[in-house]
Amino acid sequence: MTDPLPGIKLGILEQIDDAVVITDACLDPPGPRIVYVNPAFADMTGYATSELLGQTPRMLHGPDTDRDQLDRLRRALESGDECAGEVVNYRRDGRPFLLQWRISPIRENSGRITHFVAITRDVTSARKRERRHGELEALARVQGELATGGLDIDTVRQKVADLALSISGAESAVVEEPDGGEMVYRAVAGQAAAHLGTRVPIDHSLSGVCYRELQAIICEDTARDDRVATEPARAVGFRSGILIPLCHGYRCFGVIKVYSGTVNRFSSAERDLLQLASGMLAAALESAHTYRSERARREALVDALPIMIAYIDRDGCFREVNTACERWFGLPRKRLVGHALSAVLDEEGFAAIEPYMNAALRGETVHFQTQAVFRSGDQQYVEGDYTPDRDYRGRVRGFYAVVRDVTGLQTLYVDYLTKVGNRRQLEEKGAGLIESARRYGRPLSLIMMDVDHFKAVNDHHGHQAGDAVLRELGALLGHEARAADLLARWGGEEFAIVAPETTGADAATFAERIRARVEDQDFSAVGHVTMSFGVAELEGGDDDMDALHGRADEALYEAKRGGRNRVVTWHPTQLGQSEPTGTDR
């Protein structure tokens, strides 16, 4: 082989891995002629050395060779500059590959360029790996972004449009969904931002073809594609683009379309990447559509229930309410949501439920029954459940409230927690027992009893432990009470017994027996507790439940003041003046 560069030894080029080609410096058509190739260049192209020598590099070009790159190369060679780039070439068997090159001029002593030497490399696999890595990064970004979008359908649509714009590098992106016989722009991004709500016919549009035939489409020029709805495309600046159906399972939700105002803007690589991402985008839309449908069904169901259902935040404000809340409070939803429960109930009504609210906000599940007084003056007996709502760290951020109106039901005579009678039963049935005792001149006594230091029980052991104590007390008192006695939970930690055919002295003995039983009881949740007792006997004349309760309550107060865990019997000459009568423990 004639030495193409006299005086320059080329033996080292025979040994290196990089492919080297040397041409002369003639730039007139058809271009520089190949005067030398090393074995690596022949192996890379599949041609024998003899087939390459005397030819121009044009023999390696083909349909996907970038003409702009070749023009740039020619200008660099004409100016005598070094240049580098990448371009698609073709092997002898017709297979394309991506050639990376760096070309330098070789000058003689006078500075005249005599040859060009090109160091080349097949970077097809490397670029595929880089592109795949970039695609995986893009898909990971899509997945991460969609995970932060929540399930609001409009938010998810916008996320889909934004992500499609980002990963395709397009000027505009839209999410189109079918509505009757039209495709509607439900979300827009980039330069399409001004075209939200645009409608195109399904039957005569590229979007309709993509949606109905479930096929990915690259449109190189809308002016030469008779499937395009020309006027809408011109109005939104759609000259070339990619359309991908958004399918998940057996359902197609619509089309993601990215587009540009210039022709031939997109390649198959961008189409493939968008098609890969479309599965995740469609899955996000499916979740959002399903959530919206399910939420609508749940809201319809919840609104149909005659039960007040609400979500209350840490500040005691309504955040969600159902229709029953509006009926109960006599206020529209907008007057409830964002407003505090204390502003809806009157002072007495709010005070009745405030301890249960506080317990729920401490993280306790609460079940209660109480009398609710509304600002209208209406009174209702209600039974409620408060369930705490926690964030991912376990912190309480609010609670769900489910409240039922039990006014007029028989269960109003039974305390929800202890299963003994409640105050309403005691007052109504107790009045009948008192009337009978007065009419026939028979003795009757009232025993009021209260758990000592019950607030400390709740504070130290929790509301649920306090409830457990009250339930066990209810069982103990129920066992001790006689069949004729009327036992009830008066309220909170206070109980009462109306004892017919019982004098004050006998009632004090009865109360002492209960006091001792309570003191000895080992309560499962807290250990030992004690109770204080106040006893009053029915007097003649116009004595009624209010008067009897007033005396028994005064005696109970005296028992508390005297040291607790004792029984005190009311006596007008002693209470508040000297040591209380009764058992002192």
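Select asparagine 565 to begin, in what is a predicted model: at 11% relative accessibility this residue counts as buried, and its place is in the loop between α17 (545-561) and β22. Although asparagine 565 is not a glycine, its phi is positive, at about 55 degrees. Most residues other than glycine have a negative phi.

For a second residue of this kind, move to leucine 214, where phi is near 55 degrees, again a positive value in a residue other than glycine. Leucine 214 sits in the loop between α6 (206-213) and β9 (217-219), and with a relative accessible area of 48% it is partly exposed.

**The sheet that ends in β22**

Return to β22 and display the open sheet to which it belongs, six strands in the order β17-β19-β20-β18-β21-β22, with mixed pairing. The edges are taken by β17 (421-422) and β22 (567-569), and because each of these has a single partner strand, one side of each is left without a neighbour in the sheet. Now add helix α13 (residues 423-440), which packs on the sheet and touches β17, β18, β19 (486-491) and β20, its direction making about 135 degrees with that of β19.

Within the sheet, select strand β18 (residues 444-451) together with strand β20 (residues 494-500): the two run antiparallel and are joined by seven bridges. Methionine 448 is a useful marker here, since its bridge partner in β20 is alanine 496.

**From β18 into the core**

Isoleucine 447 is the next residue to select, and its contacts, leaving aside neighbours within four places in sequence, are Phe495, Ala496, Ile497, Ala507, Phe510, Ala511, Phe533, Gly534 and Val535. In the largest nonpolar core, which has 58 residues, Ile447 is among those that touch the most other members, along with Phe318, Phe329 and Tyr386. Helix α12 (residues 347-361) supplies the largest share of this core, seven residues. A second, separate core holds 26 residues, including Ile153, Val156, Ile167 and Ile242.

**Helix α5**

Three of the names just given lead to helix α5, whose buried residues are Ile153, Val156, Arg157, Lys159, Val160, Ala161, Leu163, Ala164, Ile167 and Ser168. How far apart are the end C-alpha atoms of helix α5 (residues 153-168)? They are 23 Å apart, which agrees with the 22 Å that its 16 residues should span at 1.5 Å a residue. Step just past the end of α5 to glycine 169, which takes a positive phi of about 70 degrees.

**Strand β10 and its partners**

Ile242 leads on to strand β10 (residues 240-248), where seven of the nine residues are buried, so that the strand is largely enclosed by the rest of the structure. β9 pairs with β10 in the antiparallel sense over three bridges, and isoleucine 217 has leucine 243 in β10 as its bridge partner. Strand β11 (residues 251-260) also pairs with β10 in the antiparallel sense, over nine bridges, and there valine 258 stands opposite isoleucine 242. Follow the chain from β10 to β11 and you pass through a hairpin with two residues between the strands, where glycine 249 in the turn has a positive phi of about 65 degrees.

**Cysteines around the hairpin**

Show the sulfur atoms of cysteine 247 and cysteine 252. Why is there no bond between them? The sulfur of cysteine 247 is 3.7 Å from that of cysteine 252, its closest cysteine sulfur, and this is too far for a bond, the cut-off for a disulfide being within 2.5 Å. Cysteine 247 is partly exposed, with a relative accessible area of 29%. By this rule the count of disulfides comes to zero; cysteine 210 is in none, and its nearest cysteine sulfur, that of cysteine 252, is 7.1 Å away. Cysteine 210 counts as buried, at 0% relative accessibility.

**Two loops to finish**

Select glycine 94, found in the loop between β3 (83-90) and β4 (96-107), which at 44% relative accessibility counts as partly exposed. Add leucine 60 to the selection: it lies 34 residues from glycine 94 along the chain, and the C-alpha atoms of the two are separated by 9.2 Å.

The last stop is proline 30, whose place is in the loop between β1 (19-24) and β2 (34-37). Is the peptide bond from proline 29 to proline 30 cis or trans? That bond is cis, with omega near 10 degrees, whereas most peptide bonds are trans.

How values were computed
Residues are numbered from 1 along each chain as its sequence is written. This is a predicted model: local features need pLDDT of at least 70, side-chain atom pairs count only at pLDDT 80 or more; totals for chains, interfaces and linings use all residues. Side-chain values use heavy atoms; hydrogens and water are left out. Buried means under 20% relative accessible area, exposed over 50%, partly exposed in between (1.4 Å probe, protein chains only). Two strands pair if DSSP finds at least two bridges between them. Helices (H or I, at least four residues) and strands (E, at least two) are DSSP runs, numbered from the N terminus. Contact means heavy atoms within 4.5 Å. Axes are lines fitted to C-alpha atoms, for helices over the stretch in contact, and angles run from 0 to 180 degrees between N-to-C directions. The expected span of a helix is 1.5 Å times one less than its number of residues. A nonpolar core is a set of buried Ala, Val, Leu, Ile, Met, Phe, Trp, Tyr and Cys residues joined through side-chain atoms within 4.5 Å.
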